[in-house]
Amino acid sequence: GLKTYEFIISAHHENKVMANPLNLVSRDALNVTQQIVALDTRYNACRPLPQQHRMLYIRRRNQLLQDKAKRSDSAYIRGQYLRLRAQVLRIRYGALDRRFQGSKRSSAMHSLRQSMESLVTGDVYLARNSSTGVVPTKSAEASRAMAGDTSLAEHYAFCGMEHIFEKQAGSVVAVQFSNRDKTHLACACQNGTLSVFSLANNPPTLECTLKGHKGPVNDFDWSASNDFIVSASSDGTCRLWRTSTGACLREIVDSSTVKTLCCKFHPHNNNLLVIGNSKAQVRIFNVSTGMAIKDGSSKTAGAVLCLTFDSTGTHLWAGDNKGSMYLFQLNYVTGKLQRLNRIVVSTAGMITSISYRTWINREASDPSILVSCTDGFLRLFRIHTDGNLFMKRKFTVKHTSQPIRSAFCPLMSFLQGACVVTGGEDANVYFFDTETGVVVNRLQGHSSPVLCVCWAYDESLLASCDLQGIIIMWKRCVPDPKDLKLPVQ
């Protein structure tokens, strides 16, 4: 392990002929570090250790590799170490493709083998984007100053794993930072519980566990003030929780014969709660009374899997398991709901996630919708004023069955293009350029399908969770403010 790493370093510095032929910067070394941790994570199931000790091993490995990064080792050295590490693990535990042949993780193993093969030939995996700078308009001077003349790949480079949380009891289907606050992170588990973590301490601590549901938790949402969380469960109920104490304040019963699959607070009136269920219904409830609102219900073609509001709170988007999206108009004073439009996105998959953004970048401020579908595509639509959608870009993702959620980046992009983020069933987190469709970064560290990704509001942290109950918090390499030059007035 690390002894081999020390040997490679000493050989590199003693043998002057063994120079760095790639001339790579330290940020690229951190990129290779992610691949080292990803390799150890994928071999973790082979180690004859209890589950809690396996997680402790991975967390310690990540910590040591981050400490070693302070040496400013080149990506070439780390690439050589990764190649030898892969050979040692293959000799000890066998080839990954043989051990996991026919399993659900075979695609992830194939992806890792491709990465290993590229390192053997000397080509370290680097997320590159050919386009740099900002959109060439006359008003782009301020954008260039804010962006710091960096590419998308450089802007969304990560320093590694900030923290790996203890394995949760069951799959983690959703993870969210609190609103406008990166000191709290919550997750929903298939064992019927939710966990709220405090990130103010290092390492993060478990603040409270929300228990009470009698079925898997499918979705949850923070209130605007972050004082409450609402959760939707397959037991047919939604529960309102106080985040400071973990107490359940109210149980909202949708129906004992249906599963509650998604929920969302109204962004401007948190006393209104929107629920989607397996009976193909979108319903509005009064949080204070727990009662359904008259005229606050509408039908869809299939089970409602996801919900999102536009910035005004007057329009609601919903996605179902038949591949259709629906646009509703909501009066958030009376709670009246009216269906306006249905858009068939795909006839071969379920819509598992919908995200809305008023703008994507400074130079293109069109309202947009990001849609994840189990037909293997992540779609980006522009929204016309009449509510119709126009396809802007379609990204290929390994997504065939799991309820994967994607996300826009929360801050306005000052670069040429912008990024959207999604997990994949190949255990990777992908960053796509909305203008070109290329992958500008890929985070490796999970060993099972990544079900949800979520940004902190300032984009300093990204959280991802997977089917095995692992949550990883990634730290973005934030540029030094001294490197940003303000335009001359």
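**Exercise 1. Work out why strand 12 (residues 281-286) is largely enclosed by the rest of this predicted model, and which strands it pairs with.**

Solution.
- Step 1: Start with burial. Buried means under 20% relative accessible area. Five of the six residues of strand 12 pass that test, so the strand is largely enclosed by the rest of the structure.
- Step 2: Look at one side. Strand 11 (residues 272-277) runs antiparallel to strand 12, and five bridges join the two. In this pairing, L273 sits opposite F285 of strand 12.
- Step 3: Check the connection. Strands 11 and 12 make a hairpin with three residues between them, and A280 in the turn has a positive phi of about 60 degrees.
- Step 4: Now take strand 13 (residues 292-299). Strand 12 is joined to strand 13 by four bridges, again with an antiparallel run. Here V282 faces S298 of strand 13.
- Step 5: Strands 12 and 13 form a hairpin too, with five residues between them; G290 in that turn has a positive phi of about 75 degrees.

**Exercise 2. Go through the backbone oddities: where is the cis peptide bond, and are D295 and A427 buried or partly exposed?**

Solution.
- Step 1: The cis bond joins N202 and P203, with omega about 10 degrees. P203 belongs to the loop between strand 4 (194-198) and strand 5 (205-210).
- Step 2: D295 isn't a glycine, yet its phi is positive, near 65 degrees. D295 is located in strand 13. Its relative accessibility is 48%, so D295 counts as partly exposed.
- Step 3: A427 is another non-glycine residue with a positive phi, near 75 degrees. You'll find A427 in the loop between strand 23 (419-423) and strand 24 (428-433). A427 has a relative accessible area of 0%, so it is buried.

**Exercise 3. Describe the largest pocket: what is its volume, and which strand gives the most to its lining?**

Solution.
- Step 1: The volume comes out at about 1,500 Å³. Of the 47 lining residues, N179, K264, T308, Y356 and R357 are the closest to the centre.
- Step 2: Sort the lining by strand. Several strands each supply at least two residues, among them strand 2 (172-177), strand 10 (260-265) and strand 26 (450-455). Strand 18 gives the most, with six residues.
- Step 3: Sort by class: the lining has 26 nonpolar, 14 polar and seven charged residues.

**Exercise 4. Now for enclosed space: how many cavities of 30 Å³ or more are there, and what lines the largest?**

Solution.
- Step 1: The whole-structure search turns up three such cavities. The largest holds about 60 Å³ of space.
- Step 2: Ten residues line this largest cavity, and I360, C409, L411, A418 and C419 are the closest to its centre.
- Step 3: Eight of the lining residues are nonpolar, one is polar and one is charged.

**Exercise 5. Locate the largest nonpolar core and its most connected members.**

Solution.
- Step 1: This core has 36 residues, and V421, V429, F431, W455 and L462 have the most contacts inside it. Helix 4 (residues 75-93) gives the most to the core, with six residues.
- Step 2: Zoom in on V421. Leaving out residues up to four places away in sequence, V421 touches a set that includes C409, V429, F431, W455 and L462.
- Step 3: A separate core has 17 residues, including F165, A456, I471 and M473.
- Step 4: Zoom out. The protein has eight helices and 28 strands, and buried residues make up 55% of its 489 residues.

Technical notes. Residues are numbered from 1 along each chain as its sequence is written. This is a predicted model: local features need pLDDT of at least 70, side-chain atom pairs count only at pLDDT 80 or more; totals for chains, interfaces and linings use all residues. Side-chain values use heavy atoms; hydrogens and water are left out. On a 1 Å grid over the protein atoms alone, a cavity is a set of points where a 1.4 Å probe fits but cannot get out, and a pocket is an open set with protein on both sides within 12 Å along at least five of seven lines; lining residues have an atom within 4 Å of a point. Grid points are joined across faces, edges and corners, and a volume is the space filled by probe spheres set on the points. Ala, Val, Leu, Ile, Met, Phe, Trp, Tyr, Cys and Pro count as nonpolar, Asp, Glu, Lys and Arg as charged, and the others, Gly among them, as polar. A nonpolar core is a set of buried Ala, Val, Leu, Ile, Met, Phe, Trp, Tyr and Cys residues joined through side-chain atoms within 4.5 Å. Buried means under 20% relative accessible area, exposed over 50%, partly exposed in between (1.4 Å probe, protein chains only). Contact means heavy atoms within 4.5 Å. Two strands pair if DSSP finds at least two bridges between them.
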